[in-house]
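Me: I have a new model open and would like to learn how to read it. Could you walk me through some features, one at a time?

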Amino acid sequence: MQRRHLLASAAAGGIGLLAAPALRAQEAWPRGRPIRVICPWPPGAANDALARLTAQRLQEKLGATAVVENRTGGAGLVGTNAVLQAAPDGFTLLASAFNTAVMPLVLKGATFDPERDLEVMARTAQAPLVMVMTGQRPQRTLAEVIAAARDRPRDWNFAVSSLGSAGHLATIEFLRRTGLDINLVTYRGTQPALSDLMGGNVQLLIDPSFALLPATGDGRVRALGIATAERSTLAPSVPTMAEAGLPGYQFQSWYGVWAPKGTPAEICQQVNALMQETMREPAIVDRLKNQVLEPVTESIEQTRRFIGAEISRATELLRSVNYQPE
């Protein structure tokens with residue numbers, strides 16, 4: 001697959017700040033200085049909103065002072081490295097996404113092992129991926145797009161919002177499954193990729209549903225399929241990718257909280273319990289679902305197993321297409 005990189009500077013599409021009702025503070029933890037919740041993505045993205053929700057709950061429930069720091073750059077590597085290099089004392093957390101798990105598989109500069117060098121605390125939310133196309137092309141279905149791209153591949157460009165994103169891996173799998181040879185155009189976030197899609201500079205994009213479905217209302221963007229087992233209740237007219245012709249094609253992005261390796265287990269457990277409690281609150285559930293995000297409540301061990309499976313799947317996929325880190 002050919003690649004060219006368009007270094008657009010806008011942030012990934014996301015959701016607004018998730019407000020939460022005031023809660024009774026429990027015993028303060030930890031004391032002495034603010035907890036830094038580092039988000040390796042720009043303000044306004046889903047990662048950022050969930051990072052701020054995490055910080056807010058640390059303050060409300062644990063009596064801690066928590067601040068969000070947006071350390072952007074390097075497809076998430078700059079912020080991740082800041083956490084990897086921090087002391088494992090509970091004062092530095094990482095609020096990131098799927099990218100964290102697969103970063104060493106796709107970026108030359110990522111030399112860490114996410115399972116060995118970070119302490120997982122919790123997954124917080126997940127979102128199905130959706131495939132969209134520019135409204136400037138006449139095709140209406142996935143089958144029509146595949147036929148047109150197979151006939152004239154150089155007339156098609158596939159936007160990738162960020163190297164190592166869930167959408168990036170899903171795009172690679174789509175091309176592998178269909179046998180298409182379409183040029184990939186890499187951006188620094190969903191919004192610049194989506195803007196170019198609306199303008200017809202690129203023709204296809206796969207990314208989280210919360211970022212793309214709202215853009216399909218005026219005809220400039222057309223949804224081709226959602227990568228879920230069943231149709232979404234928030235987009236019932238959008239077929240699943242299986243219905244569109246790719247059986248078994250399921251992808252999602254997900255978001256979580258990590259800490260430097262060696263952070264005390266009791267701190268990790270406390271954050272896990274806090275986020276599980278938060279993600280069960282009806283007000284938070286409603287806010288997330290309205291943004292096509294699904295809250296996640298699971299133990300640290302369940303999250304470890306989930307991430308291990310995600311890494312195995314990504315490793316096998318990238319090996320199958322002989323992907324070389326960039």
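Me: Let's start with strand 2 (residues 35-39): how many of its five residues are buried?

Reply: Happy to help, and keep in mind that this is a predicted model. A residue counts as buried when its relative accessible area is under 20%. In strand 2, four of the five residues pass that test, so the strand is largely enclosed by the rest of the structure.

Me: Which strand does strand 2 pair with, and in what sense?

Reply: Look for bridges between strands. Strand 2 pairs with strand 3 (residues 66-70) in the parallel sense, over five bridges. To find your place on screen, start at Ile35, which stands opposite Ala66 of strand 3.

Me: Now helices. What span should helix 1 (residues 46-62) have?

Reply: Allow 1.5 Å a residue, taken over one residue less than the total. For the 17 residues of helix 1 that gives 24 Å, and the end C-alpha atoms are 24 Å apart, so the two values agree. This helix is also mostly covered, with 15 of its 17 residues buried. Right after helix 1 comes Gly63, with a positive phi near 75 degrees.

Me: Is helix 6 (residues 166-178) largely enclosed or largely open?

Reply: Count its buried residues again. Eleven of the 13 are buried, so helix 6 is largely enclosed by the rest of the structure. Among them are His168, Glu173 and Phe174. From first C-alpha to last, helix 6 reaches 18 Å, close to the 18 Å expected. Just after helix 6, Gly179 takes a positive phi of about 75 degrees.

Me: How exposed is Glu144?

Reply: Between the buried cut-off of 20% and the exposed cut-off of 50%, a residue is called partly exposed. Glu144 has a relative accessible area of 38%, so it is partly exposed. You will find Glu144 in helix 5 (residues 142-151). Its side chain reaches the backbone nitrogen of Arg140 at 2.6 Å. For a sense of scale, the C-alpha atoms of Glu144 and Ala64 are separated by 55 Å, with the two residues 80 apart along the chain.

Me: And pockets? Which residues lie nearest the centre of the second largest pocket?

Reply: With a pocket, read its space, then its lining. The second largest pocket holds about 450 Å³. Its lining has 21 residues, and Gln126, Ala127, Pro128, Thr228 and Glu294 lie nearest the centre. By class, the lining has nine nonpolar, six polar and six charged residues. Strand 5 (118-134) and helix 12 (300-320) each supply at least two residues of that lining.

Technical notes
Residues are numbered from 1 along each chain as its sequence is written. This is a predicted model: local features need pLDDT of at least 70, side-chain atom pairs count only at pLDDT 80 or more; totals for chains, interfaces and linings use all residues. Side-chain values use heavy atoms; hydrogens and water are left out. On a 1 Å grid over the protein atoms alone, a cavity is a set of points where a 1.4 Å probe fits but cannot get out, and a pocket is an open set with protein on both sides within 12 Å along at least five of seven lines; lining residues have an atom within 4 Å of a point. Grid points are joined across faces, edges and corners, and a volume is the space filled by probe spheres set on the points. Ala, Val, Leu, Ile, Met, Phe, Trp, Tyr, Cys and Pro count as nonpolar, Asp, Glu, Lys and Arg as charged, and the others, Gly among them, as polar. Buried means under 20% relative accessible area, exposed over 50%, partly exposed in between (1.4 Å probe, protein chains only). A polar contact is a pair of N or O atoms within 3.5 Å; within protein, one must be able to donate a hydrogen and the other to accept it, and residues adjacent in sequence count only if both atoms are side-chain atoms. Two strands pair if DSSP finds at least two bridges between them.
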